[in-house]
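Q: I am new to this structure and would love a close look at one part of it. Could you walk me through it and its surroundings?
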Amino acid sequence: MNTPNQNSKLQGKRIILMGGTSGIGLATAKAAAAEGANVVVVSSSQQRVDSSLAELPESAKGYAIDLSKEQNIQDFFDGIGNFDHLVYTAAENISLIYVNDLELDKARDYFNLRYWGALASVKYAAPHINKGGSISLMSGIANPRPGSGWLLGASICGAVEGLTRAMAVELAPVRVNAVSAGVVKTNLWNSIPETDREAYYKTVGDALLVKRVGEAEDIAQAFTYLMKQQFTTGQILITDGGTVLV
């Protein structure tokens with residue numbers, strides 16, 4: 001672990017990362033810790049919590065919580081004490097589905113972690129956020145640029161972005177923003193066979209202005225920026241390699 005940046009605006013700040021044990025969440029936890037923050041990672045899997053803590057400073061804390069249950073989220077924030085920033089990136093593996101194949105009950109379940117878990121976290125976290133603190137949520141370019149099969153992903157991203165703006169107004173002066181990511185190499189794509197997955201990354205990357213798909217560390221930089229930028233709220237920070245332009 002690199003020596004923390006003593007001049008960083010995150011030095012000594014306490015950051016809660018819901019979904020912070022893998023992919024973008026873990027990359028954000030590492031980036032924040034490298035700037036001197038005290039990070040708390042939360043995941044539904046104790047194994048992932050233990051694994052992530054092995055990659056973070058000794059000061060890091062971790063909790064295994066089922067984020068699909070509102071009561072679990074309420075109990076967690078009631079017991080965690082005050083903190084400075086909340087980052088919510090929790091999500092299940094990406095699944096593409098077409099409207100003709102849609103089963104509404106299963107579609108509703110897809111919102112549990114990505115949207116309702118985020119909303120519950122915002123609700124119960126807000127009273128515990130210190131002055132100057134923030135909330136950062138996870139969205140994606142499936143909202144402005146949905147492809148075929150992305151109806152659920154586009155719907156959730158649109159809902160999260162609406163939530164972001166509404167909460168920025170309602171919870172002010174707590175700042176509320178979201179990161180809208182393009183295709184990023186994370187474990188959320190693991191439901192796709194590796195050969196197909198790598199071919200997809202190459203096809204998408206070759207078409208982008210930056211000629212590659214994203215890495216978790218790219219999106220982590222967006223989240224750390226939003227935590228440090230004290231004059232930004234209600235905004236969707238697009239970090240997509242130029243996807244919306246091509």
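Which residue in strand 5 stands opposite H85?

A: Happy to take you there, with one note first: this is a predicted model. The partner of H85 is S134, which stands opposite it in strand 5. That pair is a good way into strand 4, which covers residues 83-88, and its neighbour strand 5, made of residues 129-140. Between strand 4 and strand 5 there are 4 bridges, and the two pair in the parallel sense.

Now turn to strand 1, residues 14-18. Strand 4 pairs with strand 1 as well, again in the parallel sense and over 4 bridges. Here V87 in strand 4 has L17 opposite it. Strand 4 is also mostly covered, since 6 of its 6 residues are buried.

Let's step back to the whole sheet. It is an open sheet of 7 strands with parallel pairing, and going across it you meet them in the order 3-2-1-4-5-6-9. The edges are strand 3 (61-64) and strand 9 (236-239), each of which pairs on one side only. On average, neighbouring strands of this sheet are turned by 20° against each other, ignoring direction. As general background, strands of a sheet pair through backbone hydrogen bonds, and they may do so in a parallel or an antiparallel way.

Following the sheet towards strand 9, you reach strand 6, residues 175-181, which runs parallel to strand 9 and is joined to it by 4 bridges. Within this pairing, V179 has L237 of strand 9 as its bridge partner.

Helices come into the picture too. Helix 3, residues 70-80, lies across strand 4 along with strand 1, strand 2 (38-43) and strand 3, and it runs at about 170° to strand 1.

L17, the residue opposite V87, also leads to another helix. Leaving aside residues up to four places away in sequence, T28 touches L17 together with A220, F223 and M227. T28 sits in helix 1, which spans residues 23-34. T28 counts as buried because its relative accessible area is 0%, and the cut-off for buried is under 20%.

One last stop is the second largest pocket, which holds about 150 Å³ of space. Its lining consists of 15 residues, and those nearest the centre are G214, D218, T239, D240 and G241. By type, the lining is made up of 7 nonpolar, 5 polar and 3 charged residues.

Methods
Residues are numbered from 1 along each chain as its sequence is written. This is a predicted model: local features need pLDDT of at least 70, side-chain atom pairs count only at pLDDT 80 or more; totals for chains, interfaces and linings use all residues. Side-chain values use heavy atoms; hydrogens and water are left out. On a 1 Å grid over the protein atoms alone, a cavity is a set of points where a 1.4 Å probe fits but cannot get out, and a pocket is an open set with protein on both sides within 12 Å along at least five of seven lines; lining residues have an atom within 4 Å of a point. Grid points are joined across faces, edges and corners, and a volume is the space filled by probe spheres set on the points. Ala, Val, Leu, Ile, Met, Phe, Trp, Tyr, Cys and Pro count as nonpolar, Asp, Glu, Lys and Arg as charged, and the others, Gly among them, as polar. Buried means under 20% relative accessible area, exposed over 50%, partly exposed in between (1.4 Å probe, protein chains only). Contact means heavy atoms within 4.5 Å. Two strands pair if DSSP finds at least two bridges between them. Axes are lines fitted to C-alpha atoms, for helices over the stretch in contact, and angles run from 0 to 180 degrees between N-to-C directions.
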